[in-house]
Each structure stands twice: as C-alpha cells, then as structure tokens.
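The following exercises ask the student to read a fold step by step. Please study the sequence and the structure before turning to the solutions.

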Amino acid sequence: MPANLTPQYYEAEEKYRKASTPEDKIAALQEMLATIPKHKGTEKLQADLKRRLSQLREESQQKKKQKSTYNPFHVEKQGAGQVVLTGYPNTGKSALVATLTRAKVKVADYPYTTSIPATGMMPYEDILIQLVDTPPFTADNVPPGLLGTLRNADLLLITIDLSSGECLEQLESSLALLEERGVIDPTGESPVAIPYIILGTKADHEEADSNLEILQELRPDVEIRPISINNDLTDLQTLIFKKLDVIRIYSKAPGKKPDLKRPFILKTGSTVVDLAYNIHRDFPNKLKSALVWGSARFDGQAVARDYILQDRDIVEIVL
Ligand SMILES: Nc1nc2c(ncn2[C@@H]2O[C@H](COP(=O)(O)OP(=O)(O)OP(=O)(O)O)[C@@H](O)[C@H]2O)c(=O)[nH]1
Ligand SMILES: [Mg+2]
C-alpha cells in the first residue's frame, strides 16, 4: 500500500538523518510521528519509529539515572563515525579491529573470545573512524546490552567466515537476527534502520573462494565483500567512509587560513545552515551568508543559507 508521505514528514525525516545527538534524534522522531499520515500503509513505519523513539528515550533516561555506573555496552561515539562489527563467534571481528586500529583486542582461534565491546580509531585520510569490536551474536547468545550497541551504530560490519562450512548458516542467521529485532532493514525502507556491509572474512583461506561462490549462488540478493587481514584493506576503508555518508568541511575565520586539521563531520546533503548549527547552536539565526572554496563555481564564492556543501569544502561563515 502506498504510504503517501507528506513534505512535512520528509522534512522531519531529513532532520532525523542529520541529527547527531540523541536529543536531536528524539525531537526529529516526534516530528516524524506527528506528521506521518495515519493509515494502513504507514502502520509498519509508525511502529518502527515508535520503537526507535522509546529506545532513545530509555537510553537517555538510563544515562541520567546511572551516571556513575559503568555500562560497557554503551560506547561513546568518537571521530567521524561509529562502525560496529557483529557476527558469529570466531569470524574474525577482533582480528579486523586489531589490523585497522591500534586497539589491543584479544584474537584467538577459539570462539567466544570477546566478552565486552572494545574500541579503536581507524585513520582514514585526514580523519579517524571509530571501530567497535563486540562479543559474538547468535540466536543462543545475545549478551544483554549488545542490541543497544548495535542500534546506536552509524554503520554495521556483519562478518561471515568464508573459511567455515557453516558460512551459509552464519549469513542467514545473522541477517534474520538483526532484521527481526529491527536493527537492519534489507528492503531499505525504514529510516531508522542501521546501514550495513556484509564482509566475507578470511578470504585468504583455501576454502574461501568456493564458499563465497556457493553463498552468492544461494543468496544472489545479498552482496558479500571478501576481505582478509593478510591482504590490503584500503578498498574496505574507502567503502566504510562512503557508507558512513558524511562529508568533511573545513571552517575558515575571516582573513585567516582555513583549519585543515580538524574538519567538521556532517551528513551528506548538509547545508551551510547545518554547518552553522554544528559550530554554534546560535549561529543559524545570526548567519548572513557564507563563502565557499571547493564545490562553488569560483573560490570564495558567496552562497545562500541552503547551499548544499560537498566533501572537503572550505567554508567561511559570515555573521
Ligand atoms: N587466515 C585468516 N585467519 C583469520 C583472518 N581473520 C581472522 N583470522 C583468524 O580467525 C580466528 C578468530 O579471529 P577473532 O578475531 O578472534 O574472531 P572473533 O570474531 O573476534 O571471535 P569472537 O570474539 O569469539 O567472537 C583467529 O585465529 C584469527 O587469527 C583472516 O583474514 N585470515
Ligand atoms: Mg573477538
């Protein structure tokens, strides 16, 4: 049934997409629920939105209540995006985090090695992306709190062990588990679902090629990226950055050189107003115009408030 969503709803959805704090996300979700047309065609979407809203409310309540108690499954976001690895035991999650970051995580050739999340920062060009290693996730093993970690991610890496004869089962179960709990949505319809990449790990193993072929034959609908910690991982890093769907913006004060060291990280499609809001909550009201170097037709071009910025633009806000 067609959902017939209104422009007001899409505007609120865009706010949700760009929200970087739980408070902003809650506000956007409330607006989405207030503006969504109430009929049969939107029932599933309404339910998804309500579920996400109550999760976020619960989390912020919990945070207020237990400021002093440490919850290892609540992973503070750092860097340009939070990428959480999830998958069956022994699929190479920790090995990948150990290869791409300087985190000291335990890697072992037996299952259930990791018991709580651990983080590391992965350098990518001029930014750092946060990787989060997690304990294994199967139908029989759902560590309390793990779903919260997964739902808070900006991107999930789902690991399938290509050296294992059980890789098909791993693929089917991992996707089903995450979908049932509303973490991912393979149809791509839910705005609150978490984007993901499916990694076929241990691609250097002698069984890997034939296992991957079988997987692709049986599940032509899913895309699996073969990787190995023993091979070059640059393409994976680039893919992770692309999937995070963010842009880097360098700010510049009038008459000064731009600050090229610490870019602002914004969602793709963000405008000059979004940047201003990120610099200071009061700035959007004071904003008169902005000068842009990079995507504009000429250097230092004056642009309007709703000008859509591109990755690596340099922007001078004029107040
Ligand atoms: N050949 C090969 N072995 C790998 C690769 N990645 C991981 N391994 C091995 O696979 C085993 C399991 O790796 P871990 O990183 O501990 O797996 P995990 O998913 O973190 O396991 P749990 O913490 O139990 O969930 C270790 O013996 C690793 O050395 C790879 O790309 N190639
Ligand atoms: Mg591990």
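**Exercise 1.** Determine which strands the buried residues of α4 pack against.

*Solution.* Step 1. Helices (H or I, at least four residues) and strands (E, at least two) are DSSP runs, numbered from the N terminus. The model is predicted: local features need pLDDT of at least 70, side-chain atom pairs count only at pLDDT 80 or more, and totals for chains, interfaces and linings use all residues. Residues are numbered from 1 along each chain as its sequence is written, while chains are lettered from A and ligands numbered from 1 in the order in which they are written.

Step 2. A residue is buried if 20 or more other C-beta atoms lie within 10 Å of its own, exposed if 12 or fewer, and partly exposed in between, with C-beta atoms placed from the backbone. By this criterion seven of the eight residues of α4 are buried, namely K93, S94, A95, L96, V97, A98 and L100.

Step 3. Two residues are in contact if their C-beta atoms, placed from the backbone, lie within 7 Å. The buried residues of α4 pack against β1 (82-87), β2 (118-124), β3 (127-133) and β4 (155-161).

**Exercise 2.** Describe the sheet that contains β2 and β3, and state how helices pack on it.

*Solution.* Step 1. Two strands pair if DSSP finds at least two bridges between them. Six strands form an open sheet with mixed pairing, in the order β2-β3-β1-β4-β5-β6. At the edges stand β2 and β6 (224-226), each with a single partner strand, so one side of each has no neighbour in the sheet. From one strand to the next, the twist averages 30 degrees; axes are lines fitted to C-alpha atoms, for helices over the stretch in contact, and angles run from 0 to 180 degrees between N-to-C directions.

Step 2. β2 and β3 run antiparallel and are joined by seven bridges. They form a hairpin with two residues between them, and E125 in the turn has a positive phi of about 45 degrees. By contrast, β1 and β3 run parallel and are joined by three bridges; Q82 stands opposite Q130 in β3.

Step 3. The direction of α4, which packs on this sheet, makes about 155 degrees with that of β3. Helix α7 (residues 208-218) also packs on the sheet, touching β5 (196-201) and β6, and its direction makes about 170 degrees with that of β6.

**Exercise 3.** Identify the edge strands of the sheet of five strands.

*Solution.* Step 1. The order is β8-β7-β11-β9-β10, in an open sheet with mixed pairing. Step 2. The edge strands are β8 (264-267) and β10 (301-303), each of which pairs on one side only. Step 3. The twist here averages 40 degrees from one strand to the next. Step 4. Within this sheet, β7 (residues 246-251) and β11 (residues 313-318) run parallel, joined by three bridges, and the bridge partner of I249 in β11 is D313.

**Exercise 4.** Which residues come nearest to ligand 1, and which helix gives the largest share of its shell?

*Solution.* Step 1. A residue is near a molecule or strand if its C-beta atom, placed from the backbone, lies within 6 Å of it. Of the 22 residues around ligand 1, G92, S94, A95, D109 and T114 come nearest. Step 2. Helix α4 (residues 93-100) contributes three residues, the largest share of the shell.
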